[in-house]
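The following exercises are to be worked through with the sequence and the coordinates at hand. Each task is followed by a solution in steps.

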Amino acid sequence: MRDFLRGFTAEKPAPMGSGPLEEGFALWAERLSLTPHLERGIKFLSTGEFRKALIIRAIKSEASAFLLHEPAEGLDASSLGALTSWLE
């Protein structure tokens, strides 16, 4: 999942030896309880875990605006709290 969080996909693979997650990604992985799942492949994540990974990618994209459709769906209470705090 580390490469997915950085924005890499099958069409845009990560360079070999891409190393640990940058600080911002690691912080959000911890806030959204994804740290234990960082070594798992993206296709092995639950729906909620995948949604959390998408949220981290969106946050770290530093876009000026976000369109979130039902952002709470599939999130546990602590992850929803972290997302809500960031949105405020």
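**Exercise 1. Salt bridges**

How many salt bridges does the structure hold? Identify the partners of each and describe their surroundings.

*Solution.*

Step 1. The model is a predicted one, and it holds 2 salt bridges.

Step 2. One of these pairs is R40 with E49, whose closest N and O atoms are 3.3 Å apart. R40 has a relative accessibility of 28% and therefore counts as partly exposed. E49 has a relative accessible area of 13%, so this residue is buried.

Step 3. Another pair joins D76 to K52, with 2.6 Å between the closest N and O atoms. Because D76 lies in the loop between α3 and α4 and K52 in helix α3, the pair ties together parts that are 24 residues apart in sequence.

Step 4. Burial is assigned below 20% relative accessible area. K52, at 6% relative accessibility, is therefore buried, whereas D76, at 30%, counts as partly exposed.

**Exercise 2. Secondary structure and confidence**

Which elements make up the protein chain, in what order do they run, and where is confidence lowest and highest?

*Solution.*

Step 1. The secondary structure of the protein chain amounts to 4 helices and 0 strands. Read from the N terminus, the order is α-α-α-α.

Step 2. The chain has a mean pLDDT of 80, and 84% of its residues reach 70 or more.

Step 3. By element, helix α1 (residues 2–5) has the lowest confidence, with a mean of 76. Helix α4 (residues 77–87) has the highest, at 88.

Step 4. The protein chain has 88 residues, of which 30% are buried.

**Exercise 3. The cavity and the nonpolar patch**

What is the volume of the largest cavity, and which residues line it? Compare the lining with the residues of the nonpolar surface patch.

*Solution.*

Step 1. The count of cavities of 30 Å³ or more comes to 1. The volume of the largest cavity is about 30 Å³.

Step 2. Its lining is made up of I55, A58, I59, F66, L68, L83 and W86. The elements that contribute two or more residues to this lining are α3 (47–60) and α4. The largest share, 3 residues, comes from α3.

Step 3. The nonpolar surface patch covers about 340 Å² and is made by F66, L68, W86 and L87. F66, L68 and W86 therefore appear both in the patch and in the lining of the largest cavity.

Step 4. W86 is placed in helix α4. With a relative accessibility of 32%, W86 counts as partly exposed. Patch residues must have over 30% relative accessible area, so the value of 32% for W86 satisfies that cut-off.

**Exercise 4. Buried residues and contacts distant in sequence**

Where are A29, S79 and L38 placed? For each, state the burial and a C-alpha separation from a residue elsewhere in the chain.

*Solution.*

Step 1. A29 is found in helix α2. At 0% relative accessibility, A29 counts as buried. A29 and I56 are separated by 27 residues in sequence, while their C-alpha atoms are 7.4 Å apart.

Step 2. S79 belongs to helix α4. S79 also has 0% relative accessibility and is therefore buried. The C-alpha atoms of S79 and W28 are 9.7 Å apart, although 51 residues separate the two along the chain.

Step 3. L38 is placed in the loop between α2 (23–31) and α3. The relative accessible area of L38 is 7%, so L38 is buried. From C-alpha to C-alpha, L38 and L5 lie 9.2 Å apart, with their positions 33 residues apart in sequence.

**Exercise 5. A backbone angle**

What phi does S33 have, and is S33 buried or partly exposed?

*Solution.*

Step 1. S33 is found in the loop between α2 and α3.

Step 2. Phi at S33 is positive, about 60 degrees, although this residue is not a glycine.

Step 3. S33 has a relative accessible area of 35% and is therefore partly exposed.

Methods:
Residues numbered from 1 in each chain as written. Predicted model: local features only at pLDDT ≥ 70, side-chain atom pairs only at ≥ 80, totals over all residues. Heavy atoms only, no water. pLDDT = per-residue confidence, 0-100. Patch = residues over 30% accessible without salt bridge, like charges linked within 9 Å, V, L, I, M, F, W, Y side chains within 5 Å. Areas by Shrake-Rupley, 256 points an atom, 1.4 Å probe, with all protein chains shown as cover. Salt bridge = Lys/Arg side-chain N within 4 Å of Asp/Glu carboxyl O. Buried < 20%, exposed > 50% of the residue type's maximum accessible area, 1.4 Å probe, protein only. 1 Å grid on protein atoms, 1.4 Å probe; cavity = no way out; pocket = protein on both sides within 12 Å on 5 of 7 lines; lining within 4 Å. Points joined across faces, edges and corners; volume = space filled by probe spheres on them.
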